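Q: Hi! Could you walk me through the pockets and helix packing of this one?
A: Happy to, let's pull it up.

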Amino acid sequence: MGANTLRFDFLGKDSIKYENQVEVEAAVYKAIGQFQAGKKEDDDLFDELDTSKLNAHLKGLMPGLTAKVFRTYNASITLDEMLHNDTKEGDVTHKIVTYQKANKQVAIICNHQRSVSKSHQAQVERLEAKTEELKALVDELQKDLDRAKKGKPPLKDSDGKRKKNLTPEMLEKKIAQTNAKIQKLELDKDTKEQLKTVALGTSKINYLDPRISVAWCKRHEVPIEKIFNKSLLAKFAWAMDVDPSFRF
């Protein structure tokens, strides 16, 4: 830990605990020490400051600047830069994962946390069960493929019934399709685990310029419905005509 490191440990919005360590400039560290002088642990640190005074000061620096505008800028520029730097060519599923990771980083910056939902573990277990089921299917198809290449008929299924006799090409196609489904399920599971304590919606609704998301979707051929639900599509209708080249 550096000499000028501040440790944050408090209950934030909705009583979600916030813990973090941040190294700051020496002047900031010294000022915080002065604010703490003579105070108890449960006293307000910034007892002589409120949002009205803060916003009045910010507007003196730049017309229209407020704490929320500052936060919105920080959130939007983070999303824009991460999407620009991290988006790779590939299918829509992988691009959406890239978007969610960028959205997650914004939510962390804004401290938009949530408790793990009661249904989370059950959802993960269902994904794991489906993945194992498909992996077993791939093993079965691979055995059928090996037999088909030798001119032998497929083995009977688990119910003892004769399976349809498929060509090696058809079996290879089914194996590829099933492996793609497995990959998507594993991506879904990883994403659920990464986002289980992060609230993505708050920043998307209140702190992100929607033109960033719309332009990104247009550039990378991602359906906007994959990013915005119906209510957000209506709320941000004004942003839908943005040019694909838009950068924040």
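Q: How much space lies in the second largest pocket?
A: About 560 Å³. Keep in mind that this is a predicted model.

Q: Which residues are closest to the centre of that second largest pocket?
A: Arg 7, Phe 8, Ile 32, Gln 36 and Leu 45, out of the 14 residues that line the pocket. The elements giving two or more residues to this lining are β1 and α1 (26-36).

Q: And which element gives the most there?
A: That would be β1, with five residues.

Q: What's the lining of the second largest pocket like by class?
A: There are seven charged residues, six nonpolar and one polar.

Q: OK, now the largest pocket. How much space is in that one?
A: About 920 Å³. The lining has 24 residues, and those nearest the centre are Leu 54, Ala 67, Phe 70, Arg 71 and Ile 109.

Q: Which elements give two or more residues to the lining of the largest pocket?
A: β1 (5-11), α2 (51-61), α3 (67-86), α4 and α7 (200-206). The top contributor is α3, with five residues.

Q: How do the lining residues of the largest pocket divide by class?
A: Into 13 nonpolar, seven polar and four charged.

Q: Switching topic: how many cavities of 30 Å³ or more are there?
A: Just one by that rule, and the space in it is about 30 Å³.

Q: What lines that cavity?
A: Val 97, Gln 100, Lys 101, Thr 191, Gln 194 and Leu 195. Both α4 (92-109) and α6 (168-195) give two or more residues to the lining. By class, that makes three polar, two nonpolar and one charged.

Q: Let's look at those two helices, then. At what angle do the axes of α4 and α6 cross?
A: At roughly 5°, and the axes come within 11 Å. Angles under 35 degrees count as roughly parallel, so α4 and α6 are roughly parallel to each other.

Q: Which residues meet between α4 and α6?
A: From α4 you have Thr 93, His 94, Val 97, Gln 100, Lys 101 and Lys 104, and from α6 Gln 183, Lys 184, Leu 187, Thr 191, Gln 194 and Leu 195. The residues of this contact are six polar, three nonpolar and three charged.

Q: Last one: what domains is the chain divided into?
A: Domain 1 covers 1-49 and domain 2 covers 119-195. Their C-alpha centres lie 53 Å apart.

Methods: Residues are numbered from 1 along each chain as its sequence is written. This is a predicted model: local features need pLDDT of at least 70, side-chain atom pairs count only at pLDDT 80 or more; totals for chains, interfaces and linings use all residues. Side-chain values use heavy atoms; hydrogens and water are left out. On a 1 Å grid over the protein atoms alone, a cavity is a set of points where a 1.4 Å probe fits but cannot get out, and a pocket is an open set with protein on both sides within 12 Å along at least five of seven lines; lining residues have an atom within 4 Å of a point. Grid points are joined across faces, edges and corners, and a volume is the space filled by probe spheres set on the points. Helices (H or I, at least four residues) and strands (E, at least two) are DSSP runs, numbered from the N terminus. Ala, Val, Leu, Ile, Met, Phe, Trp, Tyr, Cys and Pro count as nonpolar, Asp, Glu, Lys and Arg as charged, and the others, Gly among them, as polar. Domain bounds come from an automatic or database domain assignment. Axes are lines fitted to C-alpha atoms, for helices over the stretch in contact, and angles run from 0 to 180 degrees between N-to-C directions. Angles under 35 degrees count as roughly parallel, over 145 as roughly antiparallel, 65 to 115 as roughly perpendicular and the rest as oblique. Contact means heavy atoms within 4.5 Å.
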